[in-house]
Protein chains: 2
Amino acid sequence: MAGMTTPDLNLARFLPYRLSVLSNTISHTVARLYETRFGITIPEWRVIAVLGSGRTMSAGEVAAATAMERVQVSRAISRMLESGLILRETGDRDRRRADLTLTAKGRAIYTEIAPLALAYETRITSVLDPAEVEMLDRLLAKLQLQADALATSP
Amino acid sequence: MAGMTTPDLNLARFLPYRLSVLSNTISHTVARLYETRFGITIPEWRVIAVLGSGRTMSAGEVAAATAMERVQVSRAISRMLESGLILRETGDRDRRRADLTLTAKGRAIYTEIAPLALAYETRITSVLDPAEVEMLDRLLAKLQLQADALATSP
DNA sequence: GCAGGATAGTTTCATCTGAAACAATTGCAA
DNA sequence: TTGCAATTGTTTCAGATGAAACTATCCTGC
């Protein structure tokens, strides 16, 4: 058909690309808060973050809570066992699972990083007014739901 | 100080985490559009996307336009040269740089993927009304600016 | 009980990744 | 000029990654 054109894909305006760049910029900055100072990686930080509440969880529960794959969690855990950040206790009832808890050392790291991470979040959203922050929250929630739906369906 | 508590960091509500999960969900789904069918990777798709406009660019310009690191672009380019998706012509004036263009084969891939990618974007934003889409656009732009500012400053 | 399948977690393997070192070329300044 | 820093892009190396195979344990139906 004459005059038929490919729709223009302007990468800089393409939502998946923009989200990826924004997320990378932010993750990289946040990672600087703990990578050099505490020598922990992003997966390890996520494990600390979910165990920081004081709850004890299995590796599988950590995976679910952090949206990481089982293999990533497994590797983070083995590093953290070596560096003494967490404690692993094989379950009595079910010896496949093991309960994980932060050690005092792990908790100390959480106590130091959490305020820094929250302070970063505050600084980055400081360019938004309260209504915009609330809207961002709503929009991200809606998009995540739809992204999940589109991820599984064709 | 008695009663002093660490501020609670709820990972599921932490903006950097939410953005990371959303971005990963979306990227993974979009990548499925071209990974299996065309055998190209995310970096290669980004190169195709920016060269798809018809412009010819150097590797450095591609890096800037795609927010990728030089080394990533270099590797994507060498794969694409092998698979015949792009053409590289060393500059006359400056023989360090080389101009890159899509071949017919590369352009054909762009012509097939671009509509699929845009259709995905339409589907994912279909859960938002037009005002929300516009708001999302504004919010992401503001956040990216601030993220960039916080990335460079201490 | 016990065979077959499900579940929790680990390991293997091939690939990807980023930092830093490197090579090639250009521009600038003495 | 000519030497030195800056720019463009590539390669190297060590570690990270994900898919799939694997181990160990548990559960279910017979």
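# Exercises on a predicted protein–DNA model

Chain A holds 7 helices and 2 strands. The model is predicted.

## Exercise 1: The layout of chain A

Task: Find the order in which the elements of chain A run, and compare the radius of gyration of chain A with that of a compact globule.

Solution.

Step 1. Start at the N terminus. The elements of chain A run α-α-α-α-α-β-β-α-α.

Step 2. Turn to the extent of the chain. Along the principal axes, the C-alpha atoms of chain A fill a box of roughly 70 × 40 × 30 Å.

Step 3. Compare with a globule. For 154 residues, a compact globule would have a radius of gyration near 15 Å, whereas chain A has 20 Å.

## Exercise 2: The surface near DNA strand C

Task: Which residues are closest to DNA strand C, and which atoms make the polar contacts?

Solution.

Step 1. List the neighbours. DNA strand C is surrounded by 19 residues. The closest are A:Gly60, A:Ser74, A:Arg88, A:Arg96 and B:Arg75.

Step 2. Look at the DNA side. Take the atoms of DNA strand C within 4 Å of the protein: 59% belong to sugar or phosphate, and the rest belong to bases.

Step 3. Check the phosphate contacts. An N or O atom in the side chain of A:Ser74 is 2.7 Å from a phosphate oxygen of DNA strand C. For the side chain of A:Arg88, the distance from an N or O atom to a phosphate oxygen is 2.5 Å.

Step 4. Check a base contact. A:Arg96 has a polar side-chain atom 2.9 Å from a base oxygen of DNA strand C.

Step 5. Assign the elements. Helix 4 (59-66) and helix 5 of chain A, together with helix 5 of chain B, give two or more residues to this surface. Helix 5 of chain A has the largest share, 4 residues.

Step 6. Sort by class. The surface near DNA strand C has 11 charged, 4 polar and 4 nonpolar residues.

## Exercise 3: The surface near DNA strand D

Task: Which elements supply the surface near DNA strand D, and which residues are closest to the strand?

Solution.

Step 1. List the neighbours. Around DNA strand D there are 19 residues. A:Arg75, A:Arg95, B:Gly60, B:Arg88 and B:Arg96 are the closest.

Step 2. Assign the elements. Helix 5 (70-82) of chain A, helix 4 (59-66) of chain B and helix 5 (70-82) of chain B each supply at least two residues. The largest share, 4 residues, comes from helix 5 of chain B.

Step 3. Check the phosphate contacts. The side chain of B:Arg88 has an N or O atom 2.5 Å from a phosphate oxygen of DNA strand D. B:Gly60 uses its backbone: an N or O atom there lies 2.7 Å from a phosphate oxygen of the strand.

Step 4. Check a base contact. A polar side-chain atom of A:Arg96 lies 3.4 Å from a base oxygen of DNA strand D.

Step 5. Split the DNA atoms. Of those within 4 Å of the protein, 57% belong to sugar or phosphate and the rest to bases.

Step 6. Sort by class. The residues near DNA strand D divide into 11 charged, 4 polar and 4 nonpolar.

## Exercise 4: Helix 3 and helix 5 of chain A

Task: Are helix 3 and helix 5 of chain A roughly parallel or roughly perpendicular?

Solution.

Step 1. Recall the description. Two packed helices are described by the angle between their axes and the distance between the axes.

Step 2. Read both values. Helix 3 (residues 42-51) of chain A packs on helix 5 of chain A at about 85°, with the axes 9 Å apart.

Step 3. Apply the range. Angles of 65 to 115 degrees count as roughly perpendicular, so helix 3 of chain A is roughly perpendicular to helix 5 of chain A.

Step 4. Name the residues. From helix 3 of chain A come A:Pro43, A:Glu44, A:Val47 and A:Ile48. They meet A:Gln72, A:Ala76, A:Arg79 and A:Met80 in helix 5 of chain A.

Step 5. Sort by class. This contact has 5 nonpolar, 1 polar and 2 charged residues.

Conventions: Residues numbered from 1 in each chain as written. Chains lettered and ligands numbered in written order. Predicted model: local features only at pLDDT ≥ 70, side-chain atom pairs only at ≥ 80, totals over all residues. Heavy atoms only, no water. Near = heavy atom within 4 Å. Polar contact = N/O pair within 3.5 Å; in protein donor to acceptor, adjacent residues only side chain to side chain. Nonpolar A, V, L, I, M, F, W, Y, C, P; charged D, E, K, R; others polar. Rg over C-alpha atoms; globule rule 2.2 N^0.38 Å. Axes fitted to C-alpha atoms, helices over the stretch in contact; angles between N-to-C directions. Parallel < 35°, antiparallel > 145°, perpendicular 65-115°, else oblique. Contact = heavy atoms within 4.5 Å.
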